[in-house]
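Visitor: I should like to take a close look at a single part of this structure. Please describe that part in detail and then place it within the chain.

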Amino acid sequence: MPSADEILQRMRELQERREAAAGPLVEVLAKRSRLLEQLAELDEPYGKAYVDAEAAGWTAEELAKLGAEEPARRPRVRSRRSRSSAKKADGQSSATASEDSSPAGTIPAQDGAAAAAVTADSTASA
C-alpha cells in the first residue's frame with residue numbers, strides 16, 4: 001500500500017499535467033476575448049457605415065455582393081416616443097406628454113397652414 005507521501009506526489013504530478021494542458025487554452029481564451037472586444041467596438045461604426053451606404057443608394061443585395069453583411073445592430077434612431085418619455089422624466093405631467101404623442105401633435109398645425117395660405121394667395125394674385 002502506498003504511503004501518504006507517495007499519494008500526494010502522484011496527485012501533484014497529475015495536477016501539474018492538467019495545468020500544463022490548460023495553459024495553451026488559457027492563452028487562446030485571452031487572445032479570443034481581446035479580439036471579440038475589438039470586434040464589438042466595430043459594430044456601431046460598421047452599422048452606421050452600412051446605413052450610410054444604403055442612404056447613398058446601395059441596396060442590401062448590392063452590398064451583399066460586395067461582401068458586406070447586414071449589421072447585427074443598426075444605429076439607434078431617436079423616435080418621438082422616446083422624446084415624450086424624456087419629457088416625462090424631466091418632470092412634465094403625463095397629460096402634456098400624451099398630448100405630444102397624439103397624431104395631431106405630430107402635424108405642424110398653424111405654421112405649415114399659414115405658409116400654405118401665403119403661397120396660395122401669392123399664386124392667386126399673380
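Guide: Just after helix H1, Gly57 adopts a positive phi of about 115 degrees. The helix that precedes this glycine, H1, is the part to be examined here, as it appears in a predicted model.

Helix H1 covers residues 4-55. The helix contains 52 residues, and the distance from its first C-alpha to its last is 75 Å, close to the 76 Å expected at 1.5 Å a residue. There is nevertheless a kink of about 35 degrees in H1 at Asp43, and the proline Pro45 comes shortly after that position.

Next come the side chains of H1. An α-helix has 3.6 residues a turn, so residues three or four places apart point the same way. Two pairs in H1 may be read with this spacing in mind.

The first pair is aromatic. A search of the whole structure yields one aromatic pair. The partners are Tyr46 and Tyr50, whose rings are 6.3 Å apart from centre to centre, with 40 degrees between their planes, and the pair is therefore classed as tilted. Both tyrosines belong to helix H1, where they are four residues apart, about one turn of the helix. Their surroundings may be described by accessible area: Tyr46 is partly exposed, at a relative accessible area of 36%, whereas Tyr50 is buried, at 4%.

The second pair is charged. The structure holds one salt bridge, which joins Asp52 to Lys48 with the closest N and O atoms 3.0 Å apart. Because Asp52 and Lys48 are four residues apart in helix H1, about one helical turn separates them. Asp52 is partly exposed, having a relative accessible area of 40%. Lys48 is also partly exposed, and its relative accessible area is 47%.

Tyr50 leads to the buried residues of the helix. In H1 these are Gly47, Tyr50 and Ala53. The buried residues of H1 pack against helix H2, which spans residues 60-65.

The helix may now be placed within the chain. The chain has six helices and zero strands, and its pattern along the sequence reads α-α-α-α-α-α. Of its 126 residues, 6% count as buried. Among the contacts in the chain with a separation of 6 or more, 28% are between residues 24 or more positions apart.

A final point concerns the confidence of the prediction. The average pLDDT of the chain is 77, and 57% of the residues score at least 70. Over residues 113-122 the pLDDT is below 50, and this stretch has zero contacts in the model beyond near neighbours in sequence.

Notes:
Residues are numbered from 1 along each chain as its sequence is written. This is a predicted model: local features need pLDDT of at least 70, side-chain atom pairs count only at pLDDT 80 or more; totals for chains, interfaces and linings use all residues. Side-chain values use heavy atoms; hydrogens and water are left out. A salt bridge is a side-chain nitrogen of Lys or Arg within 4 Å of a carboxyl oxygen of Asp or Glu. Buried means under 20% relative accessible area, exposed over 50%, partly exposed in between (1.4 Å probe, protein chains only). pLDDT is the predictor's confidence in each residue, from 0 to 100. Contact means heavy atoms within 4.5 Å. Rings of Phe, Tyr and Trp (its six-membered ring) pair if their centres lie within 6.5 Å; planes under 30 degrees apart count as stacked, over 60 as edge-to-face and the rest as tilted. The expected span of a helix is 1.5 Å times one less than its number of residues. The bend at a residue is the angle between axes fitted to the seven residues ending there and the seven starting there.
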